[in-house]
Amino acid sequence: MYLHALEGGLLIGFAASLLLFGSGQIAGISGVLGSVLERRPGAWRWAFLGGLVLAVLIVRLAGGAVPGQLAMGWPLIVGSGLLVGFGTRLGSGCTSGHGLCGMGNLSTRSLVATLIFMLVAMITVFVVRHLLAGG
Amino acid sequence: MSTTVRKAIPFVSGLIFGLGLILSGMTDPQRILAFLDVFGAWNPSMALVMGGAIAVTLPAYTWVRLRGHSVAGVSVTLPDRKTITPRLLVGSALFGVGWGLSGVCPGPSILIAANGLLAGVWAPVLFLLSVIAGMLLYAAWSRRGSNVSVPGSAQTSGL
């Protein structure tokens with residue numbers, strides 16, 4: 001588990017660096033998806049998203065699994081999805097753009113953003129799992 | 001670098017990014033929630049994903065920032081905004097709530113939706129559609145708001 005986490009992290013960092021070196025672009029997924037939705041010019045974003053989807057295809061064809069079970073009802077799925085979409089666009093980035101690229105770029109804004117969304121997410125989990133569920 | 005190779009780079013980058021997310025376990029909401037559950041059965045393994053990735057992006061960004069252009073000669077304008085704006089704070093906090101409730105951030109949301117489509121599981125598809133709806137809501141809201149706020153503020157994407 002720990003080795004895979006480290007290896008996966010290195011791969012992600014390599015992919016983000018490749019995009020920076022080869023295309024001069026930032027691998028921030030909320031920015032890529034949001035810009036595509038706003039129909040901004042930039043065919044590279046479609047190519048990047050296509051690559052992400054191909055990764056799923058390859059892993060499945062190779063007999064692997066992509067664990068992604070959402071153990072919650074649809075109102076919570078919709079509500080949390082809306083918050084993730086709106087929040088990442090308002091805050092100009094998510095785990096990839098702020099957390100990996102922005103921190104790599106030593107950006108104060110990204111450091112602040114990353115600390116906030118991680119802290120708020122930890123508090124949210126604490127409230128849901130330990131306060132509301134009664135421990 | 002030939003044009004063909006250069007045009008393939010975003011696609012290859014997306015592919016490697018996706019494989020990294022799957023290998024690392026980032027697509028598993030239960031793993032993410034266990035990482036965020038610092039007061040419960042904390043699973044710190046996800047910190048290694050971020051640590052491993054930054055170990056690569058830090059030298060890469062430093063190098064490009066010092067040179068001002070990419071290896072392929074493409075000029076790079078890295079975000080240089082320094083201001084901590086209310087938008088940055090509120091947006092990141094809203095994202096934090098959504099991430100803490102679901103255990104899914106934007107990258108994994110695309111991957112598990114694609115996987116859900118292929119496997120006939122609809123919850124992850126609904127999640128991605130909700131993320132997209134949230135982004136479209138923001139786009140509509142920022143267009144309306146741009147009439148009264150600082151000109152161009154909706155266009156800047158300062159990381």
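In the predicted model, 48% of the 159 residues of chain B count as buried. Chain B is built from six helices and has zero strands, and its elements follow one another along the sequence in the pattern α-α-α-α-α-α. When contacts in chain B between residues at least 6 apart in sequence are considered, 38% of them join residues that are at least 24 apart.

The corresponding values were computed for chain A, in which buried residues make up 57% of the 135 residues. Chain A, too, has six helices and zero strands, and reading along its sequence gives the pattern α-α-α-α-α-α. Of the contacts in chain A with a separation of 6 or more, 42% are accounted for by residues 24 or more positions apart. Taken along the principal axes, the C-alpha atoms of chain A fill a box of roughly 50 × 40 × 35 Å.

Within chain A, one pair of helices was examined in detail. Two packed helices are described by the angle between their axes and the distance between the axes. For helix α2 (residues 29-37) and helix α3 (residues 43-61) of chain A, the axes come within 10 Å and cross at roughly 125°. Because an angle of this kind falls outside the ranges that count as roughly parallel, roughly antiparallel or roughly perpendicular, α2(A) is described as oblique to α3(A). The crossing of α2(A) and α3(A) is left-handed. On the side of α2(A), the contact is made by A:Val32, A:Ser35 and A:Val36, while α3(A) contributes A:Arg45, A:Trp46, A:Phe48 and A:Leu49. By class, the residues of this contact between α2(A) and α3(A) comprise five nonpolar, one polar and one charged.

The domain assignment of chain B gives domain 1, which covers residues 1-78, and domain 2, which covers residues 80-159. The contact between these domains takes 11 residues from domain 1 of chain B and nine residues from domain 2 of chain B. On the side of domain 1 that touches domain 2, α1 and α2 of chain B each supply at least two residues, and the largest share, five residues, comes from α2(B). Divided by class, this side of domain 1 of chain B has eight nonpolar and three polar residues, with no charged residues.

Between the two chains, 101 residues of chain B are in contact with 99 residues of chain A. The elements of chain B that give two or more residues to the side touching chain A are α1 (3-24), α2 (29-36), α3 (45-67), α4 (86-102), α5 (106-119) and α6 (123-145). The residues on this side of chain B divide into 65 nonpolar, 29 polar and seven charged.

A single residue of chain B, B:Ser92, illustrates the contact between the chains at the level of individual positions. B:Ser92 lies in helix α4 of chain B, and this residue counts as buried because 30 other C-beta atoms are found within 10 Å, where the cut-off for a buried residue is 20 or more. When residues up to four places away in sequence are not counted, B:Ser92 touches A:Gly87, A:Gly91, A:Ala113, A:Ile116 and A:Phe117. With respect to a residue of its own chain, B:Ser92 is 57 residues apart in sequence from B:Phe35, and the two are 18 Å apart in space, C-alpha to C-alpha.

Technical notes
Residues numbered from 1 in each chain as written. Chains lettered and ligands numbered in written order. Predicted model: local features only at pLDDT ≥ 70, side-chain atom pairs only at ≥ 80, totals over all residues. Axes fitted to C-alpha atoms, helices over the stretch in contact; angles between N-to-C directions. Helix = DSSP H or I, 4+ residues; strand = E, 2+ residues; numbered from the N terminus. Parallel < 35°, antiparallel > 145°, perpendicular 65-115°, else oblique. Left-handed = near helix turned anticlockwise from the far one by under 90°. Contact = placed C-beta atoms within 7 Å. Nonpolar A, V, L, I, M, F, W, Y, C, P; charged D, E, K, R; others polar. Buried ≥ 20, exposed ≤ 12 C-beta atoms within 10 Å, placed from the backbone. Domains from an automatic or database assignment.
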